[in-house]
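Let's take a friendly walk through this fold. Please have the sequence and the model open as you read.

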Amino acid sequence: MRSITVLSGGHGGAKFIEGLLHGLRAGVLPGISSAESDAGADGAGAPEGVTVTVVANTADDLWIHGLKVCPDLDTVMYTLGRGLDHDRGWGRTDETWSVKEDLEAYGAPNTWFGLGDRDIATHLVRTQMLEAGFTLSQVTEALCRRWLSPVYGDQVRLVPMSDDRIETHVAVKDDSSPSGLATVHFQEYWVRLRAAVPAEQLVFVGLESATPAPGVIEAIAGADLVILPPSNPVVSVGTILGVPGVRDALAATAAPVVGISPIIGGHHVRGMAEQMLASIGVDASAGAVGQHYGARSAGGIIDGWLVDSVDAASVTALEDAGLRAAAVPLWMTDADATAAIAAAAIGLVR
Ligand code: GDP
Ligand code: CA
């Protein structure tokens, strides 16, 4: 195995990829032996030849305070580059908040979306480059030269799902509006409203007319393995799948496609997958999400689906639906536990 492609959101995806890379280094991933990677015949070497391409969701992106912010790209970049504040789960380590405080002092709008001072440097570089005519892919590559290259060299590549502007908007109940609904940006639903009200409807502005970023289709078509990490099935993986051409590429690739459930025991571990699944009419259960993606042999996009041990009862129905399925602990408590999840996922579809 030479190349692995992961279709990722922010937190869940980034944590999984961190564990996958840890597993690669530790040599615990089945079928990815040192023999395949020219690292020697003793089986002990790290598989240096294996590359990981991360295709990240960009439908969470927003323009705010005059800056282009890409939350999922940045979460992956900071996590893998060892710059993420793990307590907060987003943004930079050693962060300060002077700009936010001064925006509030001005009474500036949209201060519900907190941007730390260090984080703002990333958005300033990105925004200036975009305004100078670079594409989001080019900007991401430039930002990753600081964060990923020093740690991984050429082993890890991060690409946005599209260079086009795509934004997830959420319709929520609003009695003061003639339609009874008001639409907010996904980040406003998540950060300001804390996903505490039902998402009546989701609108993916720009998605249908978007084109995949350079390298996205190639990364799926040319992979030896494609992984759907435990990212949000609707607003992270779902939006990547919604970029025209991506579903077809998954259906056509010679690589096996395996996914890991972000739902454990009927609940998301973190975030708002339950609210998002409700808005598209899919049960918040590990089995239902696997069946929502569906077996490639039956017109879906995955070959295997990993559920947590507490969801073991869903395995038979998943197998009946044409999937390889297994139940193992899916809590990404540390890098070893997450590497074991990656190993189980790979073992399922080898
Ligand atoms: P976001 O863009 O920051 O929301 O991140 P993702 O979409 O990549 O991941 C969010 C999903 O990760 C949520 O639906 C969580 O349920 C899931 N998640 C977070 N931690 C864990 C974990 O330890 N195990 C599993 N299986 N899922 C997790
Ligand atoms: Ca996200």
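Below come the sheet, the helices on it and one helix pair.

## Ground rules

This is a predicted model, in which local features need pLDDT of at least 70, side-chain atom pairs count only at pLDDT 80 or more, and totals for chains, interfaces and linings use all residues. Residues are numbered from 1 along each chain as its sequence is written, while chains are lettered from A and ligands numbered from 1 in the order in which they are written.

## The sheet

Seven strands (DSSP runs of E, at least two residues, numbered from the N terminus) form an open sheet in the order β5-β2-β1-β9-β10-β13-β14, with parallel pairing; strands pair if DSSP finds at least two bridges between them. β5 (156–160) and β14 (324–327) are at the edges with a single partner strand each, so one side of each has no neighbour in the sheet. From one strand to the next, the twist averages 20°; angles run from 0 to 180 degrees between N-to-C directions, along axes that are lines fitted to C-alpha atoms, for helices over the stretch in contact.

At one end, β13 (residues 304–307) pairs with β14 in the parallel sense over four bridges. Here Gly304 stands opposite Arg324 in β14.

## Helices on the sheet

Helices are DSSP runs of H or I, at least four residues. Helix α1 (residues 11–26) packs on the sheet and touches β1 (3–8), β2 (51–56), β5 and β10 (257–260); contact requires C-beta atoms, placed from the backbone, within 7 Å. The direction of α1 makes about 160° with that of β1.

Helix α2 (residues 71–80) also packs on the sheet, touching β1, β2 and β5.

How values were computed. Contact = placed C-beta atoms within 7 Å.
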